[in-house]
Amino acid sequence: MTPERTGRLRLLAGMVIANRPWRLVLGMRSALAAVMATSAYLVITSTIWQLASSLSLTKLIVTMVAAVIMMVVWIIGAHHLWRRRDELGEGWDPFLWNASTVLTLLLGVVTMAVAVLAFNIVVTVFFLEPPVYSSDAATWPGFVDHMRLAWLATGFATVAGAVGSGLDSDAAVEAAAYDGEQRREASREESSAR
């Protein structure tokens, strides 16, 4: 790998870290509210119990991956976060800007999904009574069943979070996704490196 490419990768990593993606969803309150409300509803819905117990592991994984990608794409599209060269100031590299946006959102949404998954596991273990669950899901719930249910509810709730993110203002989403001062510093560093 050439030193220039290594430098660009370091710059990209620095831009993503400076954006603090782990705090993204806390800044997007409508998206978080939609995810939490939807997941709370889903874990007590018998149709989801049946789906979770019958879907293959592959389908469960595909559901979650598709939901995360959908939320990232939705946020970028709904809040106009994809930038062309003519939309950026002098010295900005659109590839670095857009790549850092995608990575920041991806890491932020994955962080949210992990937190909601943990919450859903606790909720399913605490609230689901085995006789009630087994009558609808046709299986006596063990930890794997709770995990499958929490996973599926989190995947579906993430899609609801994508829609909920549309209720947040563009300014709120940009503030949650970017650390403006860090972006300006990165731009100056890139310009001086050329």
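In this predicted model, the largest nonpolar core holds 32 residues, and those that touch the most other members are L24, I75, L105, V109 and M112. Helices α1 (3-19), α2 (24-27), α3, α5, α6, α8 and α9 each supply at least two residues of this core. The leading contributor is α6, which gives eight residues. Such an arrangement fits a familiar pattern: in soluble globular proteins, nonpolar side chains tend to be buried together. L24 offers a handy place to begin a tour of the core. Setting aside residues up to four places away in sequence, L24 touches L105, G108, V109, A176 and A177. A second core, separate from the one just described, is made up of 14 residues, among them L42, W49, V123 and Y133.

Helix α5 deserves a closer look. This helix runs from residue 57 to residue 78, 22 residues in total, and its first and last C-alpha atoms are 31 Å apart, close to the 32 Å expected at 1.5 Å a residue. Its buried residues are L60, M64, A67, V68, M71, V72, I75 and I76. Viewed down the axis of α5, these buried residues fall within an arc of 160°, so they line one face of the helix. The spacing is easy to follow by eye, because an α-helix has 3.6 residues a turn and residues three or four places apart point the same way. On the face turned away from the buried side, α5 carries the exposed residues T58, K59, V62 and V73. The cover over the buried residues of α5 includes α3 (29-42), α6 (94-127), α8 (143-165) and α9 (170-177). I75, listed among the buried residues of α5, is also one of the core members with the most contacts to other members. Past the helix comes H80, whose phi is positive, near 55°.

A polar residue also merits attention in helix α6, where N120 is located. N120 is buried, with a relative accessible area of 0%. Its contacts, leaving aside neighbours within four places in sequence, are S39, V43, A150, A153 and T154. With one of these, S39, the side chain of N120 makes a polar contact of 3.4 Å. G161 is 41 residues from N120 along the chain, and the C-alpha atoms of the two are separated by 15 Å.

Turning to charged pairs, the model contains two salt bridges. In one of them, the side chains of D93 and R8 meet at 2.6 Å, N to O. This pair links distant parts of the chain, with D93 in the loop between α5 and α6 and R8 in helix α1, 85 residues apart. D93 is buried at a relative accessible area of 8%, whereas R8 is partly exposed at 28%.

The other salt bridge joins the side chains of E174 and R83, at 2.9 Å from N to O. Here too, distant parts of the chain are linked: E174 belongs to helix α9 and R83 to the loop between α5 and α6, with their positions 91 residues apart in sequence. E174 counts as partly exposed, at 28% relative accessibility, while R83 counts as buried, at 15%. The loop between α5 and α6 thus appears in both pairs, through D93 and through R83.

Conventions
Residues numbered from 1 in each chain as written. Predicted model: local features only at pLDDT ≥ 70, side-chain atom pairs only at ≥ 80, totals over all residues. Heavy atoms only, no water. Helix = DSSP H or I, 4+ residues; strand = E, 2+ residues; numbered from the N terminus. Expected span 1.5 Å × (residues − 1). Buried < 20%, exposed > 50% of the residue type's maximum accessible area, 1.4 Å probe, protein only. Arc of directions from axis to C-beta. Contact = heavy atoms within 4.5 Å. Core = buried A, V, L, I, M, F, W, Y, C linked by side-chain atoms within 4.5 Å. Polar contact = N/O pair within 3.5 Å; in protein donor to acceptor, adjacent residues only side chain to side chain. Salt bridge = Lys/Arg side-chain N within 4 Å of Asp/Glu carboxyl O.
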